[in-house]
Amino acid sequence: MKLEHLLQAYKLNNIKTELKEMNNENEKAGVISFTNGITASYLLDNEDIVISMKIFFNCITQETLTITNQVSHVIQVLNIMQNTIMLLANIPQKECNMILEKLGLFDNTFQKRKTNKTFRT
């Protein structure tokens with residue numbers, strides 16, 4: 001998917017984005033900022049198609065730490081992850097939710113898998 005189309009799709013899904021390009025002679029890359037503590041880095045090919053993307057987010061809200069703000073932050077993170085997967089993989093929401101479940105986001109195994117991968121040699 002072209003970067004401009006991805007940004008338009010985010011806008012259609014009411015996800016605010018701010019783009020910071022970091023292009024050089026060899027590669028086109030940049031950062032998309034969504035909201036406090038949620039960003040994504042991307043890499044483009046010669047035709048401005050997103051070929052790689054990593055999403056970074058803080059688990060704890062950067063606003064006042066209340067249960068309402070924390071729940072809202074988690075919902076934003078999941079919404080951005082879900083929309084990104086659906087848009088880049090061109091899959092429906094049901095399949096995307098299956099991917100998120102397989103990643104372990106809802107059964108508390110995501111952290112365990114992440115830790116296991118980090119310490120593997």
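pLDDT is the predictor's confidence in each residue, from 0 to 100. The structure treated here is a predicted model.

**Exercise 1.** Determine which element of the protein chain has the lowest mean pLDDT and which the highest.

*Solution.* The chain as a whole averages a pLDDT of 86, and 91% of the residues score at least 70. Among the elements, the lowest mean, 57, belongs to helix 4 (residues 110-119). Strand 3 (residues 38-44) has the highest mean, 94. Where pLDDT is low, the predicted coordinates should not be read in detail.

**Exercise 2.** Derive the strand order of the sheet from the pairing of its strands.

*Solution.* Begin with strand 1 (residues 18-21) and strand 2 (residues 28-35), which are antiparallel and joined by four bridges. Lysine 20 stands opposite valine 31 of strand 2, and six residues separate the two strands of this hairpin.

Next, seven bridges connect strand 2 to strand 3, again in antiparallel fashion. Serine 33 has threonine 39 as its bridge partner, while isoleucine 32 is partnered by alanine 40. Two residues lie between the strands of this hairpin, in which glycine 37 adopts a positive phi near 80°.

The result is an open sheet of four strands with the order 1-2-3-4 and antiparallel pairing. Strand 1 and strand 4 (50-57) each have a single partner strand, so one side of each lacks a neighbour in the sheet. From one strand to the next, the twist averages 20°.

**Exercise 3.** Describe how helix 1 and helix 2 are placed relative to the strands.

*Solution.* Helix 1 (residues 3-12) packs on the sheet and touches strands 1, 2, 3 and 4. Its direction makes about 5° with that of strand 2. Helix 2 (residues 67-89) lies across strands 2, 3 and 4, running at about 170° to strand 4.

Terms used. Residues are numbered from 1 along each chain as its sequence is written. This is a predicted model: local features need pLDDT of at least 70, side-chain atom pairs count only at pLDDT 80 or more; totals for chains, interfaces and linings use all residues. Side-chain values use heavy atoms; hydrogens and water are left out. Two strands pair if DSSP finds at least two bridges between them. Axes are lines fitted to C-alpha atoms, for helices over the stretch in contact, and angles run from 0 to 180 degrees between N-to-C directions. Contact means heavy atoms within 4.5 Å.
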